[in-house]
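Let's work through two short exercises on how helices pack. Have the structure open and follow each step at your own pace.

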Amino acid sequence: MPLSSTDFYKKAPPEKGASSFVYPPTVSNIAFFAEALRAGCVVAIPTETVYGLAGLALDETACRSIFSIKGRPLVDPLIVHVSNREMAARLAELPPSFAPLADNFWPGPLTLILKKKSIVPDLVTAGKQTVALRMPRHPVTLALLQGLEAPLAAPSANPFGYVSPVEAGHVAESFGEKVPFILDGGPCEIGLESTILDLTDGNAPKVLRPGAVSPEEISNVLGRPVPLLNVNLHHEESATAPGTFSRHYSPDTELQLFEAGRIPSLGDDEAVVFLKRPTGNVSGEVFWLSESGDAASVAQSLFSLLRQMDRLAFTRIHWELPPANASGLWLAIRDRIKRAAAAK
C-alpha cells in the first residue's frame with residue numbers, strides 16, 4: 001500500500017547530506033524525491049533561477065500545502081514546471097508564438113502565461129483561466145521531472161515576500177523541519193526569478209516580470225515589439241503572474257535606495273551596498289555585489305547578500321540601483337531591488 005505524505009516525511013533519502021534536510025542530487029536521491037512527490041509531499045528543488053518549493057501541480061492537496069508552508073496568499077498563482085513540450089500541451093493551449101519561443105528559450109528562465117486547460121486546478125492559477133509554464137534547465141530538476149513524468153508547481157522556496165533562496169542552505173534556514181527534503185543543486189546559476197511573458201493575447205505579448213531573458217531578445221524572436229509592463233499590486237489583489245506585488249523579495253531591514261554615481265552619508269549602525277567595488281575612499285560599513293560590476297555577477301550575488309545583510313542587524317542599508325535607463329539583465333536587477341525596498 002502506498003505511503004501517505006505524513007508517513008513518507010518520516011523516511012529519509014538513501015544518501016545523506018552534509019547538513020539536516022539537505023541531500024545531494026544522486027541518482028538514488030532523485031528517485032526518492034520523485035517517490036516523495038508522488039506520495040503528496042512538498043520538497044525543495046534547485047533551478048537555474050532560484051530554489052523552488054515543489055509539489056505535484058495536479059495534486060490540489062500538495063499545492064495547498066505549498067501555499068500554507070510559504071504563507072502565500074491564494075491570489076498569487078504558482079508557476080508550473082514541465083519537462084517537455086508535450087507536457088505543456090496537456091496543460092495549456094499553445095499559440096503559434098509558443099514554438100519559436102520554446103525553440104530559443106526552453107529549457108531556460110522564461111515563463112509563459114497561457115490559456116489553461118481544465119486539467120489544471122484553479123487553486124494553482126489563483127482562479128484565473130491562465131497558467132504559468134516553464135521548463136527549467138537545471139539538470140537535477142530536469143532529471144526529476146523526467147523521472148516523474150508529471151508537472152511540478154514550484155514557487156520560490158522562501159516565506160512569502162521574503163528574499164528568494166539561491167542556495168539549499170537558504171531553504172533550510174527559512175523552513176527547518178517544515179521542508180525536510182531539500183535537493184541540493186549548488187548555487188543558482190542566474191540568481192533571479194524567470195522572465196514572465198503573457199501570451200494570452202496573441203497579438204499583444206507583454207512581459208509582466210523582467211528576468212534573464214530580456215524583452216529585446218523576445219522581440220527579436222517574435223518579430224514585433226514586446227513591452228515590459230510595470231505591474232505593482234497590493235497583496236489583496238489577484239495576480240496574473242507571481243512577483244508582481246509592489247513589495248516582494250524583501251529583507252526585514254529597511255533599505256534606502258540611491259542612484260548610481262552618488263555616495264550616501266551613513267548614520268550610526270547603517271551600511272551601504274554598491275553594485276561593484278567602489279574606487280574611491282568610502283567610510284563606514286561598505287559592501288559590494290561584484291568586483292567587476294557586470295550584470296551576471298551582480299544578479300548571482302544579489303539575494304545572497306540581501307540575506308547576509310539582514311542577519312547583520314543594521315538599522316538601515318543604503319543600496320545602489322542600476323541606472324534607470326538600464327537594459328537586459330539590469331532591468332531585472334533594478335526591479336528586484338526596488339520591490340525589496342518598497343514600503344510595507
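Two exercises with worked solutions follow.

This is a predicted model, in which local features need pLDDT of at least 70, side-chain atom pairs count only at pLDDT 80 or more, and totals for chains, interfaces and linings use all residues. Residues are numbered from 1 along each chain as its sequence is written, and side-chain values use heavy atoms, leaving out hydrogens and water.

**Exercise 1.** Describe how helix 9 and helix 10 pack.

Step 1: Helix 9 spans residues 295–310 and helix 10 residues 329–341; their axes lie 9 Å apart at an angle of about 20°. Axes here are lines fitted to C-alpha atoms, for helices over the stretch in contact, with angles from 0 to 180 degrees between N-to-C directions.

Step 2: That angle makes helix 9 roughly parallel to helix 10 (under 35 degrees; over 145 is roughly antiparallel, 65 to 115 roughly perpendicular, the rest oblique).

Step 3: Look for the residues in contact (heavy atoms within 4.5 Å). Helix 9 brings residues including Leu302, Phe303 and Leu306, and helix 10 residues including Trp330, Ile333 and Arg336.

Step 4: By class, this contact has twelve nonpolar, no polar and one charged residues (Ala, Val, Leu, Ile, Met, Phe, Trp, Tyr, Cys and Pro are nonpolar; Asp, Glu, Lys and Arg charged; the others, Gly among them, polar).

**Exercise 2.** Do likewise for helix 2 and helix 6.

Step 1: The axes of helix 2 (residues 27–38) and helix 6 (residues 139–148) come within 9 Å and cross at roughly 55°.

Step 2: The two helices, helix 2 and helix 6, are therefore oblique to each other.

Step 3: Among the contact residues are Phe33 and Arg38 of helix 2 and Leu144 and Gly147 of helix 6.

How values were computed. Helices (H or I, at least four residues) and strands (E, at least two) are DSSP runs, numbered from the N terminus.
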